[in-house]
Amino acid sequence: MKSSHTTSGSAKTSRRLLALALGLGLASAALGTAVPASAQPSGSAPTAAARYAGSAEEAADNKAFFDAVLASVARKRAANPSLTAAVTVYYNASQAPSFRSQISSAASIWNSSVSNVKLAATSGGADFSYYEGNDSRGSYASTDGHGSGYIFLDYAQNRQYDSIRVTAHETGHVLGLPDHYTGPCSELMSGGGPGPSCTNRYPNSTERARVNQLWVNGLAKALQKVNAVR
């Protein structure tokens with residue numbers, strides 16, 4: 001579920017690719033460093049995926065993804081102290097044209113659900129991007145651990161499951177929430193645990209409160225770290 005690679009240059013710095021197995025009920029294998037290219041959907045949707053309970057390793061990777069995005073936003077906040085209390089996280093959906101509607105809906109769902117962080121579309125530099133294509137592992141989120149990341153949306157999985165739920169679920173990881181496959185359908189981060197019949201697209205009260213808590217407390221801590229090294 002994770003792999004490592006070494007960057008070129010005199011420092012030869014090793015970077016660990018944190019691959020989050022965020023597919024709705026599908027365990028993820030090791031990811032390479034290349035961002036998946038767009039592809040046309042092919043074949044029929046797979047049969048119902050077996051329930052997947054996740055692992056402590058995935059929870060740690062989820063937190064690492066959140067920390068990375070948070071650090072990126074914190075640097076921008078430190079450079080622009082006049083910004084409002086809500087942190088804006090920018091996403092680029094240009095590489096997932098088939099899912100523009102679902103991505104917009106997912107952003108609207110989160111923006112109406114939480115107050116300390118807001119999602120905004122951009123066609124330029126972004127905190128994370130969406131991609132689309134075919135992958136037997138399903139949909140997932142990935143980051144290199146330094147604030148740049150992406151969400152990959154798999155065609156077959158989005159045909160089998162409610163597509164907006166899939167997209168909102170994956171976006172929830174960017175906001176710091178881990179998978180909880182054993183949860184009920186009313187819990188967005190239960191993913192594919194409840195099965196394809198689950199169409200709930202909204203985070204429950206606990207998930208909403210957790211994201212708000214992360215972005216008010218996490219931001220303050222991140223800003224302290226950034227200001228300490230300036």
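Contact here means that heavy atoms lie within 4.5 Å of each other. Keep that in mind as we walk through this structure, which is a predicted model.

Let's start with Trp215. Setting aside its neighbours within four places in sequence, Trp215 is in contact with Phe66, Val69, Leu70, Val73, Val87, Val89, Asn116, Val117, Val174 and Leu175. Trp215 also belongs to the largest nonpolar core, a set of 35 residues, where Trp110, Tyr130 and Trp215 touch the most other members. Which elements give two or more residues to this core? They are the helices H1 (56-79), H2 (100-113), H4 and H5, along with the strands S3 (87-95), S4 (117-121), S5 (128-133) and S7 (149-154). Helix H1 supplies the largest share, with 5 residues.

Now turn to a pair of those helices, H2 and H4. In general, two packed helices are described by the angle between their axes and the distance between the axes. For H2 and H4, the axes come within 8 Å and cross at roughly 55°. An angle like that falls outside the ranges for parallel, antiparallel and perpendicular, so H2 and H4 are oblique to each other. As for its handedness, the crossing of H2 past H4 is right-handed. On the H2 side, the contact is made by Gln102, Ile103, Ser105, Ala106, Ile109 and Trp110, and on the H4 side by Ser163, Ile164, Thr167, Ala168, Thr171 and Gly172.

Stay with H2 a moment longer and find Ser113, which sits in this helix. Is Ser113 buried or exposed? Buried means under 20% relative accessible area, and Ser113 has 16%, so it counts as buried. If you leave out neighbours within four places in sequence, Ser113 is in contact with Tyr202, Pro203, Arg208 and Asn212. Pro203 is 90 residues away from Ser113 along the chain, yet their C-alpha atoms are separated by 7.5 Å.

Last stop: the cysteines. How many disulfides does a search of the whole structure find? The search finds 1, formed by Cys185 and Cys198, with their sulfur atoms 2.0 Å apart. The two cysteines are 13 residues apart, and both lie in the loop between helix H4 (163-174) and helix H5 (205-228). The torsion about their S-S bond is about 90°, so this disulfide is right-handed. The partners have their own levels of exposure: Cys185 is partly exposed, with a relative accessible area of 28%, whereas Cys198 is buried, at 2%.

Methods. Residues numbered from 1 in each chain as written. Predicted model: local features only at pLDDT ≥ 70, side-chain atom pairs only at ≥ 80, totals over all residues. Heavy atoms only, no water. Disulfide = S-S within 2.5 Å. Helix = DSSP H or I, 4+ residues; strand = E, 2+ residues; numbered from the N terminus. Buried < 20%, exposed > 50% of the residue type's maximum accessible area, 1.4 Å probe, protein only. Core = buried A, V, L, I, M, F, W, Y, C linked by side-chain atoms within 4.5 Å. Axes fitted to C-alpha atoms, helices over the stretch in contact; angles between N-to-C directions. Parallel < 35°, antiparallel > 145°, perpendicular 65-115°, else oblique. Left-handed = near helix turned anticlockwise from the far one by under 90°.
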